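Visitor: I have a model open and would like to talk through how it is packed. Could you bring it up so that we are looking at it together?
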Amino acid sequence: MNDTSIRLMKKAAAGYTCAQILVSLALEDRGETNAALVRAMAGLAHGCGTGQGSCGALTGAACVLALYAGKGRDGEEASERLPSMLQELTDWFRETVGERHGGLSCEAVTGEDGPEASRQKCGAIVIETYEKIVRILVANGFDPAG
């Protein structure tokens, strides 16, 4: 078990959802806190609340990439790398998680039991996804530590 796994388990035990965990881990790596952002990420959990939307690990991961490469204020521009980073993430997620579970929706990933009954499965996906985020960031010249 690595450091990311331990950090994830602590956040899951504290009641955070997949998307919240991904953003929270990224913020910690950057030495930052942002309770409002973490709170907002709850809207992506459980397939945007219905189970029918995209897995919160995928949408949360996209938000993490944008945290590093997106526009954040007037006078700032998004990185030209962001679209290709998002494409790489989506392609990878489709080829790994989507293929294993028959789709990208929360329902496809967790099955009829839903995310609460699938904590172990979802935890493994979140860890795998966070590791992919870090690889994408590094490959595109971003320091995950901010």
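Visitor: At what angle do helix 2 and helix 5 pack, and how far apart are their axes?

Guide: Keeping in mind that this is a predicted model, helix 2 (residues 18-29) and helix 5 (residues 56-69) pack at an angle of about 25 degrees, and their axes are 7 Å apart. Angles under 35 degrees count as roughly parallel, and therefore helix 2 and helix 5 are described as roughly parallel to each other.

Visitor: And which residues make that contact?

Guide: On the side of helix 2 the contact is made by C18, A19, L22, V23, A26 and L27, while helix 5 brings G56, A57, G60, A61, V64, L67 and Y68. By class, the residues of this contact between helix 2 and helix 5 divide into 11 nonpolar, two polar and no charged.

Visitor: Which hand does the crossing of helix 2 and helix 5 have, left or right?

Guide: The crossing of helix 2 and helix 5 is right-handed.

Visitor: Staying with L22 for a moment, what is it in contact with, leaving aside neighbours within four places in sequence?

Guide: With those neighbours left aside, L22 is in contact with G56, A57, G60, A61 and V64, and also with V126, T129, Y130 and I133. L22 is also one of the residues with the most contacts inside the largest nonpolar core, together with L65, F93 and I133.

Visitor: How many residues does that largest nonpolar core have, and which elements give two or more residues to it?

Guide: The largest nonpolar core has 35 residues, and the elements that give two or more residues to this core are helix 2, helix 5, helix 6 (82-101) and helix 9 (119-139). The largest share, eight residues, comes from helix 2. As a general background, nonpolar side chains tend to be buried together in soluble globular proteins.

Visitor: Then what about helix 5 and helix 6, are they roughly parallel or roughly antiparallel?

Guide: The axes of helix 5 and helix 6 come within 10 Å and cross at roughly 160 degrees. Angles over 145 degrees count as roughly antiparallel, and helix 5 and helix 6 are therefore placed in that class. Helix 5 passes helix 6 in a right-handed crossing.

Visitor: Which residues meet there?

Guide: A57, L58, A61, A62, L65, A66 and A69 in helix 5 meet L82, M85, L86, L89, T90 and F93 in helix 6. Sorted by class, the contact of helix 5 with helix 6 has 12 nonpolar residues, one polar residue and no charged residues.

Visitor: Changing topic to helix 9, is I125 buried or exposed, and what does it touch?

Guide: I125, which is found in helix 9, counts as buried because its relative accessibility is 5%, with buried meaning under 20%. Not counting residues up to four places away in sequence, I125 touches A57, F93, V97, H101 and V109. I125 and T96 are 29 residues apart in sequence and 9.6 Å apart in space, C-alpha to C-alpha.

Visitor: And V134, where is that found, and how accessible is it?

Guide: V134 is also found in helix 9, and with a relative accessible area of 26% V134 is partly exposed. The C-alpha atoms of V134 and A26 are separated by 9.1 Å, although these residues are 108 residues apart along the chain.

Visitor: Back to the start of the chain: how do helix 1 and helix 2 pack?

Guide: Helix 1 and helix 2 pack at an angle of about 125 degrees, with 10 Å between their axes, and are therefore oblique to each other. Helix 1 passes helix 2 in a right-handed crossing.

Visitor: Who meets whom there, and of what classes?

Guide: T4, R7, L8, K11 and A12 in helix 1 meet I21, S24, L25, E28 and D29 in helix 2. This contact of helix 1 with helix 2 has four nonpolar, two polar and four charged residues.

Visitor: Last one, where is T17, and is it buried or exposed?

Guide: T17 is found in the loop between helix 1 (3-13) and helix 2, and T17 is buried, with a relative accessible area of 16%. Leaving aside its neighbours within four places in sequence, T17 is in contact with A42, A45 and H46.

Terms used. Residues are numbered from 1 along each chain as its sequence is written. This is a predicted model: local features need pLDDT of at least 70, side-chain atom pairs count only at pLDDT 80 or more; totals for chains, interfaces and linings use all residues. Side-chain values use heavy atoms; hydrogens and water are left out. Axes are lines fitted to C-alpha atoms, for helices over the stretch in contact, and angles run from 0 to 180 degrees between N-to-C directions. Helices (H or I, at least four residues) and strands (E, at least two) are DSSP runs, numbered from the N terminus. Angles under 35 degrees count as roughly parallel, over 145 as roughly antiparallel, 65 to 115 as roughly perpendicular and the rest as oblique. A crossing is left-handed if the near helix is turned anticlockwise from the far one by less than a right angle, and right-handed if clockwise. Contact means heavy atoms within 4.5 Å. Ala, Val, Leu, Ile, Met, Phe, Trp, Tyr, Cys and Pro count as nonpolar, Asp, Glu, Lys and Arg as charged, and the others, Gly among them, as polar. Buried means under 20% relative accessible area, exposed over 50%, partly exposed in between (1.4 Å probe, protein chains only). A nonpolar core is a set of buried Ala, Val, Leu, Ile, Met, Phe, Trp, Tyr and Cys residues joined through side-chain atoms within 4.5 Å.
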